Amino acid sequence: MTLEQMQEKKKRLGYTYQQIALLSGVPKTTVQKVLGGVTKNPRANTMKALENVLDSHELGEISEVRYTPLQKNVTSLRDEALQYDADMYMEPTPRFHIVPEWAKNQKYPKQGSYTLADYLALPDGQRAELIEGVIYDMASPSAVHQDIQLDIAVALKEASKKHTECRVYTPPYDVQLNADDRTIVQPDVFVVCQKDRLSKKRVIGAPDLVIEVLSPSTRKKDIEIKYGEYAQAGVREYWMVDPDRMLIYVTVFAADDIISIYTFDEKVPVWISDGEVSVDFVEIKKDIAYVDTLREV
């Protein structure tokens, strides 16, 4: 099977890179680079493993996969830094809130088959994301999550006055990440510096900077699934802000996947601004301290 045939089969089956990695035993980063055409001369055994998966699975079988904890041989520095808990698993089945018209006569909706039209058919006010044809429910963020998100957006918005070519956005403004009809995401904060990617309804293409605030309901998706999607789509810089550990993980995809880890006691420089812009997490730490005084209910 040629690379082109594999790419076509992946598209037809609707598999994500994460799913192919779990089925084949090939690290997800390797799967991304091979099927994305980045690796020019992949190893024969890698190609055989990918071919075996793509040639032997039919649409819908992926719902039967049972995800297991990440194995040591497929972890990266990013995974090590995040210090996965022993019981942290990938969600086996994303939650759905609608069944599209075309799927109503089927016994089960097929994960990986949803499109932009299905996403737009969601009820008004229903927050969700479409990733590689799968619709994921988005729970309401906590007070800490919203404060951090707002503080970062305000800091970047203020800084953007000096960089008028860049615009700062927050949800519910959609991002049609790959400019196709299979992936629509809503990053917590994102910066777009290319005007031709903006439309009145959504961003069409990859933002330059994406920031996600991790929460119990989204952290696995942000760390595993969206990390790979952002890398593949051409996002230049990706921040994962972890309020539980008071850490910020910065990956610069545009500079050989450089990874830096900061604390909430530092200013975090924005790589795409050549360090001219930074976000002061010391102030954010002070701002969110009041949450500890709030009621649990």
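Colleague: Which residues of helix H9 (residues 281–288) are buried?

Modeller: In this predicted model, the buried residues of H9 are Phe 281, Ile 284 and Ile 288.

Colleague: What puts these residues on the same side of H9?

Modeller: They cover an arc of only 50° around the axis, and therefore they lie on the same side of H9. Among the elements that cover the buried residues of H9 are helix H7 (143–159), strand E8 (237–242), strand E9 (247–252) and strand E10 (258–263). Strand E11 (267–269) and strand E12 (278–280) are also included in that cover.

Colleague: Which side-chain oxygen reaches a backbone nitrogen at the start of H9?

Modeller: A side-chain oxygen of Asp 280 comes to within 2.9 Å of the backbone nitrogen of Val 282. The cut-off for a polar contact is 3.5 Å between N or O atoms, and the pair of Asp 280 and Val 282 falls within it.

Colleague: Why is Gln 32 called buried?

Modeller: Buried means under 20% relative accessible area. Gln 32 has 12% relative accessibility, so it counts as buried. Gln 32 belongs to helix H3 (residues 28–35).

Colleague: What does Gln 32 touch, not counting residues up to four places away in sequence?

Modeller: Gln 32 touches Tyr 17, Gly 228, Ala 231 and Gln 232. With Gly 228 there is a polar approach: a polar atom of the Gln 32 side chain lies 3.0 Å from the backbone oxygen of Gly 228.

Colleague: What makes strands E1 (residues 128–131) and E2 a pair?

Modeller: Two strands pair if at least two bridges are found between them. E1 and E2 have four bridges, in the antiparallel sense, so the requirement is met. One of the bridge partners is Asp 137 in E2, which is matched with Ala 128. The two strands form a hairpin with two residues between them.

Colleague: Which residues of strand E2 (residues 134–137) point one way, and which the other?

Modeller: Val 134 and Tyr 136 point one way, whereas Ile 135 and Asp 137 point the other way. All of these residues are buried. In a regular strand, side chains alternate between the two faces of the sheet.

Colleague: What is the phi of Glu 132, and why does Glu 132 count as buried?

Modeller: Glu 132 has a positive phi of about 50°, although it is not a glycine. Most residues other than glycine have a negative phi. Glu 132 is in the loop between E1 and E2. Its relative accessible area is 6%, and therefore Glu 132 is buried, the cut-off being under 20%.

Colleague: Why is Met 246 called partly exposed?

Modeller: Partly exposed covers the range between the buried cut-off of under 20% and the exposed cut-off of over 50%. Met 246 has 26% relative accessibility, so it counts as partly exposed. Met 246 is placed in the loop between E8 and E9, and its phi, near 55°, is a positive value in a residue other than glycine.

Colleague: How do you know that the peptide bond from Pro 171 to Pro 172 is cis?

Modeller: The omega of the bond from Pro 171 to Pro 172 is near 15°, and the bond is cis. Most peptide bonds are trans. Pro 172 is found in the loop between strand E3 (167–169) and strand E4 (174–176).

Colleague: How many helices and strands does the protein have, and what percentage of its residues count as buried?

Modeller: The protein has nine helices and twelve strands. Of its 297 residues, 47% count as buried.

How values were computed
Residues numbered from 1 in each chain as written. Predicted model: local features only at pLDDT ≥ 70, side-chain atom pairs only at ≥ 80, totals over all residues. Heavy atoms only, no water. Buried < 20%, exposed > 50% of the residue type's maximum accessible area, 1.4 Å probe, protein only. Arc of directions from axis to C-beta. Contact = heavy atoms within 4.5 Å. Polar contact = N/O pair within 3.5 Å; in protein donor to acceptor, adjacent residues only side chain to side chain.
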